[in-house]
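Please look over the sequence and the structure below before reading on. The briefing that follows takes the metal sites one at a time, then turns to a bound ligand and to one loop residue.

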Amino acid sequence: MTVERSFADKIVTIERHFFEQQSKFPEATGVLSNLLYDVAVSAKIIASHTTRAGLAEILGTEGKENMHGDEVQKLDTFAERTIYRMNDHTGRLAAMASEEEEGIIPIPDNYPTGKYVLIYDPLDGSSNIDFNVSVGTIFAIHRRKSKEGPGTLEDCLQKGSDLVAAGYIIYGSSTMMVYSTGQGVHGFTLDPRVGEFLLSHPNIRIPAKPKYYSVNQGYQHRWSEGMQRYTNWLQGDNDQGISLSLRYIGSLVADFHRNLLAGGIFYYPAEGKGSKKASGKLRLLYEAAPLAFLAEQAGGYASDGHNPILDIEPTGLHQRVPLFIGNRDLVKKAEEFLRDEQ
Ligand code: AHG
Ligand code: MN
Ligand code: MN
């Protein structure tokens with residue numbers, strides 16, 4: 001009896017993948033691979049709680065708001081502390097920055113500092129937690145610019161095109177970690193029985209034919225004329241045979257992940273001048289830029305409606321940007337509708 005040996009389904013753990021990617025860079029010291037490994041372990045710990053949130057007494061809110069005015073969910077805090085406790089002492093980081101902290105997060109004086117900074121959204125889509133809808137974690141890694149000692153705000157305020165690595169974890173029907181170090185986008189699915197992330201989606205490329213558009217149409221009345229017409233265009237008001245289905249669940253990671261695999265566009269446009277969301281809702285450093293890095297690595301594109309997300313020089317840790325991300329031609333079409341209305 002011969003064993004069916006279809007080596008297409010070889011078993012590759014995420015750790016092995018990190019080190020194989022590293023071997024392409026002879027000067028690499030392994031610090032980045034180990035940092036990515038620490039992120040993966042943080043994800044497993046967070047995943048073990050998201051899948052039990054209803055039982056593990058960490059549903060619901062902390063009864064306080066963060067600086068963005070969002071209610072802090074218990075799982076936001078758990079995820080934030082898990083990533084911090086995994087990374088504050090390893091000597092790989094000069095500083096961290098998080099959606100849940102106003103300023104940069106310094107490395108405690110009694111620990112060594114390292115050559116990277118880790119910027120993250122510990123739990124994305126947290127308004128969905130209590131309703132068992134997929135949520136995620138988003139991370140961005142830059143090389144520090146300062147020479148030594150405690151990391152600085154400038155180390156964190158770097159544009160997306162200078163990212164060393166970026167990725168997300170989606171806690172959904174399965175837990176997946178998707179990342180890139182600039183060598184393509186690779187997806188790993190957690191096998192909870194053995195606690196390993198195994199390669200399931202090598203070299204992800206956004207499909208040429210899009211299926212979905214993702215936007216909160218509940219705000220349609222606040223958009224510009226160009227945005228209304230763009231949305232009609234996506235729904236079929238065009239001569240290119242494009243007629244997309246709407247899928248929007250209010251978790252950026254889940255909406256992005258679906259469009260990355262199925263083809264489509266996610267957008268969170270700017271709202272009227274003077275509105276709290278005049279620059280949209282999503283944050284550049286730990287939402288738009290890391291996902292833009294992945295989108296471009298997968299053959300897609302991301303823009304603020306006028307310029308590439310990856311080219312935006314950050315001026316603040318929590319600055320918001322309008323976001324259009326997914327198939328390149330759909331994002332370019334959005335830019336066209338916005339340009340025509342100027
Ligand atoms: P977070 O939970 O990290 O604050 O992010 C929530 C974001 C993003 O995940 C999602 O795309 C967006 O909020 C949904 O906003 P609306 O509810 O305004 O559509
Ligand atoms: Mn978020
Ligand atoms: Mn968040």
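Along the chain, the donors of the manganese ion (ligand 3) follow the spacing E-x21-D-x1-L. This is a predicted model, and the donor residues behind that pattern are Glu99, Asp121 and Leu123.

**The manganese ion (ligand 3)**

- The protein donors of this ion are Glu99 through OE, Asp121 through OD and Leu123 through O, and they lie 2.0 to 2.2 Å from the metal.
- Of these donors, both Asp121 and Leu123 are buried.

**The manganese ion (ligand 2)**

- Here the protein donors are Asp121 (OD), Asp124 (OD) and Glu287 (OE), which lie 1.9 to 2.1 Å from the manganese ion (ligand 2).
- The spacing of these donor residues in sequence is D-x2-D-x162-E, and the pair of Asp121 in strand 5 and Glu287 in helix 7 (residues 284-297) links distant parts of the chain, 166 residues apart.
- Both Asp121 and Glu287 are buried.

**The residue between the two metals**

- Which residue bridges the manganese ion (ligand 2) and the manganese ion (ligand 3)? The bridging residue is Asp121, and the two ions lie 3.7 Å apart.

**Ligand 1 and its surroundings**

- There are 20 residues around ligand 1, and of these Asp124, Gly125, Tyr219, Tyr248 and Tyr268 come nearest.
- Asp121, already met as a bridge between the metals, also has a side-chain N or O atom that is 3.0 Å from an oxygen atom of ligand 1.
- A polar side-chain atom of Tyr219 lies 2.8 Å from an oxygen atom of ligand 1, while for a polar side-chain atom of Lys281 the distance to an oxygen atom of ligand 1 is 2.9 Å.
- Taken alone, ligand 1 exposes 470 Å², and the protein buries 89% of that area.
- The space that ligand 1 takes up is the largest pocket, and the elements that give two or more residues to the shell around the ligand are strand 5 (116-124) and strand 13 (264-268).
- Strand 5 gives the most to this shell, with three residues.

**A residue in a loop**

- Glu313 is found in the loop between strand 14 (301-303) and strand 15 (323-326).
- Is Glu313 buried or partly exposed? Glu313 counts as partly exposed because its relative accessible area is 49%, a value that falls between the limits of 20% for buried and 50% for exposed.
- Although Glu313 and Gln158 are 155 residues apart in sequence, their C-alpha atoms are 6.5 Å apart in space.

How values were computed: Residues are numbered from 1 along each chain as its sequence is written. Chains are lettered from A and ligands numbered from 1 in the order in which they are written. This is a predicted model: local features need pLDDT of at least 70, side-chain atom pairs count only at pLDDT 80 or more; totals for chains, interfaces and linings use all residues. Side-chain values use heavy atoms; hydrogens and water are left out. Donors are N, O and S atoms within 2.8 Å of the metal (3.2 Å for Na, K and Ca); water is not among the atoms, so sites may look incomplete. Buried means under 20% relative accessible area, exposed over 50%, partly exposed in between (1.4 Å probe, protein chains only). A residue is near a molecule or strand if one of its heavy atoms lies within 4 Å of it. A polar contact is a pair of N or O atoms within 3.5 Å; within protein, one must be able to donate a hydrogen and the other to accept it, and residues adjacent in sequence count only if both atoms are side-chain atoms. Accessible areas come from the Shrake-Rupley method with a 1.4 Å probe; for residues, only the protein chains shown count as cover. On a 1 Å grid over the protein atoms alone, a cavity is a set of points where a 1.4 Å probe fits but cannot get out, and a pocket is an open set with protein on both sides within 12 Å along at least five of seven lines; lining residues have an atom within 4 Å of a point. A molecule sits in a cavity or pocket if more than half of its atoms lie within 2 Å of its grid points. Helices (H or I, at least four residues) and strands (E, at least two) are DSSP runs, numbered from the N terminus.
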